[in-house]
Amino acid sequence: MLPPEAVLASEDSLRLNVLLTQAQAVRIDERGPTVVGLAGSRELRVQLHPQGREDAYLLAVRRLLANLVIGHPGGFPVFIRRWLRGGQLENLRTADLLKLGEPEAVLAAAAAPGIDDEVARRAWWACPSAAVARALLGNPVLPRDGLKPELAAWLAEHLPFEQDDEAIMQTLRLVAAPGLLPPALRERLWRRGSELPAYRVGFLLAAPGDLPEQRPPRAGQEEAAALAEEAGSAPLAALLAHALDGPGQAFLAACDGVLGNPSDREIISPLLNLLGAYAAAAGFPGEPPDTVEQLAEGADAALADAATDAAGVVARLPQLAAEVRALVLLAGANEALCYAVFARSTATGTLLRDKLATVLQPLRDAIAALLGASAKPTLSRRQRQRLSRSG
């Protein structure tokens with residue numbers, strides 16, 4: 001319920017009108033209450049004099065700003081919702097969004113196409129929040145050597161206070177890209193992933209081929225690489241060579257670590273989709289599967305069909321048949337495999353791990369084959385019972 005409308009003091013109305021003729025960005029400090037404007041490197045302040053309820057007075061201030069800047073006396077929130085639904089973001093100058101004193105408007109400006117580094121810095125001044133930092137860091141038009149390193153460092157510093165796994169993954173997806181953070185800080189964030197799987201998934205999304213923790217190539221990599229270099233070789237051969245090389249081994253080992261310790265569905269879904277995208281060149285036959293039975297059947301069918309790339313690679317490298325099948329199976333990985341479990345349960349933590357054991361184990365077995373592991377990952381007694389019942 002909106003507070004009752006308030007009338008601005010004439011002194012405040014006049015000073016706000018003057019402020020907007022000079023300011024390039026505006027923010028409202030509700031503790032003052034004060035309206036602060038950014039003019040070049042200077043900050044201009046208007047001390048407000050609330051009459052009646054303070055929340056109603058601040059709403060009147062925002063309505064005045066919206067009327068002066070965008071000609072909409074109803075205020076920004078109502079206007080922007082209708083405007084964004086119509087897909088007409090380009091109808092308003094991005095810089096004007098920074099003069100409304102509305103965090104939602106600043107967020108819209110931060111994500112807008114065509115923004116430059118100067119406007120980005122004004123947006124960051126107007127609303128230095130995690131949401132705005134992520135929007136600016138993820139905006140592809142901003143230069144990598146401009147404001148982005150500062151935003152990455154700020155987000156990394158505030159990550160320990162973030163509780164939402166989705167926000168953690170999205171933040172790491174942006175800041176963990178190579179070159180944004182100092183190597184020591186990047187490695188420290190990576191180590192936190194040993195206890196917090198969301199950190200690892202964020203890294204895997206950001207830099208699947210350049211993780212802080214590396215592994216050596218394994219046997220068969222040189223043969224796969226040689227096949228990949230031959231003219232007309234299947235994309236699967238290049239994928240196999242990468243999977244057996246150091247960066248691929250590190251990526252797969254990190255994925256397995258998360259699959260063995262999933263804390264909630266928000267972590268599992270993007271990881272399964274990432275695994276499927278990574279192995280897509282292996283060519284899983286047919287539509288993406290939604291059961292582990294379909295997953296195994298598809299992998300077996302691909303190797304049995306002599307016309308597939310998988311069968312062709314196995315014919316050239318029979319000693320890597322298990323690894324090729326593993327890649328085809330991983331190519332079918334997607335979040336739909338877990339829908340049946342998610343539909344029946346809202347479990348998290350240990351209980352979720354138990355319920356997902358039958359779904360995730362075939363994927364872990366495939367990763368074990370690619371890592372050259374001689375033994376399957378260790379399972380809890382309850383997980384072994386669930387697997388035996390499903391078999």
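This is a tour of the sheet, the helices on it and some salt bridges in a predicted model.

**The sheet**

Select residues 25-29, 34-39 and 42-47, which are strand 1, strand 2 and strand 3. Together the three strands form an open sheet in the order 1-2-3, and their pairing is antiparallel. Strand 1 and strand 3 each have a single partner strand and stand at the edges, so one side of each lacks a neighbour in the sheet. From one strand to the next, the twist averages 25 degrees.

**Strand 1 against strand 2**

Keep strand 1 and strand 2 in view. Five bridges pair them in the antiparallel sense, and the two strands make a hairpin with four residues between them. For a point of register, pick Asp29, which stands opposite Thr34 in strand 2.

**Strand 2 against strand 3**

Move to strand 3. Six bridges join strand 3 to strand 2, again with antiparallel direction. Two positions show the register here: Thr34 stands opposite Gln47, and Val36 has Arg45 as its bridge partner. This pair of strands is also a hairpin, with two residues between the strands. Select Gly40 in that turn; its phi is positive, about 65 degrees.

**Strand 2 by itself**

Show the side chains of strand 2. Which residues point each way from the strand? Thr34, Val36 and Leu38 point one way, while Val35, Gly37 and Ala39 point the other way. In a regular strand the side chains alternate between the two faces of the sheet. How many of the six residues of strand 2 are buried? Six of the six are, so strand 2 is largely enclosed by the rest of the structure.

**Helices on the sheet**

Add helix 2, residues 54-70. Helix 2 lies across strand 1 and strand 2 and runs at about 175 degrees to strand 1. Next add helix 6, residues 117-126, which packs on the sheet and touches strand 1, strand 2 and strand 3. The direction of helix 6 makes about 10 degrees with that of strand 1.

**Salt bridges**

The structure holds 15 salt bridges; three stops follow.

Start with Arg27 and Glu43, whose closest N and O atoms are 3.6 Å apart. Arg27 belongs to strand 1 and Glu43 to strand 3, so this salt bridge ties together parts 16 residues apart in sequence. Both ends are partly exposed: Arg27 has a relative accessible area of 25%, and Glu43 has 37%.

Go next to Arg31, which forms a salt bridge with Asp29 at a closest N to O distance of 3.3 Å. Is Arg31 buried or exposed? Arg31 counts as exposed, at 76% relative accessibility, whereas Asp29 is partly exposed at 25%. Asp29 is also the residue seen earlier opposite Thr34.

Finish with Glu30 and Arg62, whose side chains meet in a salt bridge of 2.9 Å, N to O. Where do the two partners lie? Glu30 is in the loop between strand 1 and strand 2, and Arg62 is in helix 2, so the pair links distant parts of the chain, 32 residues apart. Glu30 is partly exposed at 44%, but Arg62 counts as buried at 16% relative accessibility. Elsewhere, salt bridges that share partners join Arg27, Glu43 and Arg45 into one network. Arg45 is the bridge partner of Val36 seen in strand 3.

Definitions and conventions. Residues numbered from 1 in each chain as written. Predicted model: local features only at pLDDT ≥ 70, side-chain atom pairs only at ≥ 80, totals over all residues. Heavy atoms only, no water. Salt bridge = Lys/Arg side-chain N within 4 Å of Asp/Glu carboxyl O. Buried < 20%, exposed > 50% of the residue type's maximum accessible area, 1.4 Å probe, protein only. Pairing = 2+ DSSP bridges. Axes fitted to C-alpha atoms, helices over the stretch in contact; angles between N-to-C directions. Contact = heavy atoms within 4.5 Å.
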